[in-house]
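Here is a structure to go through by question and answer. Have a look at the chain before reading on.

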Amino acid sequence: MKSVEVSIVEGAYRAVLVETDVPVPGPGEALVRVTASGLNRADLSQIAGNYPPPAGESAILGLELSGTVVESGDRVCALVAGGGHAEYAAVPLGQILPVPAGLALADAAALPEAFLTAYLNLVIEGGLGRGDRALVHAGASGVGLAAIQTARYLGASVAATTRSASKLAALREAGADLAIDTGAGPFAEAIERAWGANAISVVLDPVGADTLAGDLAVLAREGRIVLLATMSGAKAELDIARLMGKRGRLIGSTLRSRSRAEKAEIVARFRSEILPGFESGAVSVAIDAAFPPERAAEAFERMRENRNAGKILIDWTGRSPASG
């Protein structure tokens, strides 16, 4: 089978298709013929040598995919700890989801990582509930748009940020009650003008250093700040007295490194609580662009340059690529 191998040459991504053996599924796994695979910033970190796959998992890039189970022909999408950007993948049974009715099989590759990350961190880690207010940073990313929709589906209000005014429409289309261009001014001030002081129950923050102080400023009493990436840096000053005064909680979270048993529990809860929203049309995937595997370098470059609003896919079926 073919898989995508990416390196950095003179500062640019270089992607090649390499021949490798079709994986042999082990106990508790299914072999999936991949229709499409989704890009994630974790892929960029792995390419840079900073985010190796967990022990025992595939070294091939790619954390999510859609396709058909070879043995049964079932249409599925799945979360994987590696191996998604290839023609076939061995997938743990507990990490497989059925493709919702009405969703194209290729487009379903945009679902697993984004929505499971959003659900894990808003609901399981953050305890988001009906009537709460959530703040979602990097709101036009795949995870960001999924988080906006997930929060709204659960009955919460959402403020979402972006560094690009051109992406504000995408935030509003996803359901954000308050769409904030951080280039126009501090997000904390915009939230306080709209909702008053100490308004946010749960913050979903993949940015890190640049946003932590503002997160704490808008946090409600007993609010939760969930940190899931460090796009602006991993070290920041923290006003501990203010955190204590609000009885707030800082939560660090990752998904890829969790055990298969943990992931299966998350997938099962998501399937029960959120997946019906796709069937009803209340929740949907947001796709920025799709590229054939021969043009994978362009896809990764698009993500690195932060030009996407929604998911970027690699389409293994030969479908004509979108330019975005």
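The questions below concern a predicted model and deal with its nonpolar cores and salt bridges.

Reader: Which helix gives the most to the largest nonpolar core?

Author: The largest nonpolar core has 54 residues. Those with the most contacts inside it include Leu 111, Phe 115 and Leu 122. Eight residues of this core come from the helix that gives the most, which is helix α2 (residues 112-125).

Reader: How many residues does the other core have, the one that lies apart from it?

Author: Among the residues of this other core are Leu 65, Ala 289, Phe 291 and Ile 314. Its size is 27 residues.

Reader: Glu 125 and Arg 258 meet in a salt bridge; which of the two residues counts as buried?

Author: Buried means under 20% relative accessible area. Glu 125 has 22%, so this residue is partly exposed. Arg 258 has 17%, which puts it under the cut-off. The buried residue is therefore Arg 258.

Reader: How many residues apart in sequence are the parts that Asp 177 and Arg 152 tie together?

Author: The two residues form a salt bridge, with the closest N and O atoms 3.4 Å apart. Asp 177 lies in the loop between α4 (168-174) and β10 (178-181), while Arg 152 is in helix α3 (residues 142-153). The pair therefore ties together parts whose separation in sequence is 25 residues.

Reader: Is Glu 305 buried or partly exposed?

Author: Glu 305 forms a salt bridge with Arg 307. Buried requires under 20% relative accessible area, and exposed over 50%. The relative accessibility of Glu 305 is 42%, between those limits, so this residue counts as partly exposed.

Conventions: Residues are numbered from 1 along each chain as its sequence is written. This is a predicted model: local features need pLDDT of at least 70, side-chain atom pairs count only at pLDDT 80 or more; totals for chains, interfaces and linings use all residues. Side-chain values use heavy atoms; hydrogens and water are left out. A nonpolar core is a set of buried Ala, Val, Leu, Ile, Met, Phe, Trp, Tyr and Cys residues joined through side-chain atoms within 4.5 Å. Buried means under 20% relative accessible area, exposed over 50%, partly exposed in between (1.4 Å probe, protein chains only). Helices (H or I, at least four residues) and strands (E, at least two) are DSSP runs, numbered from the N terminus. A salt bridge is a side-chain nitrogen of Lys or Arg within 4 Å of a carboxyl oxygen of Asp or Glu.
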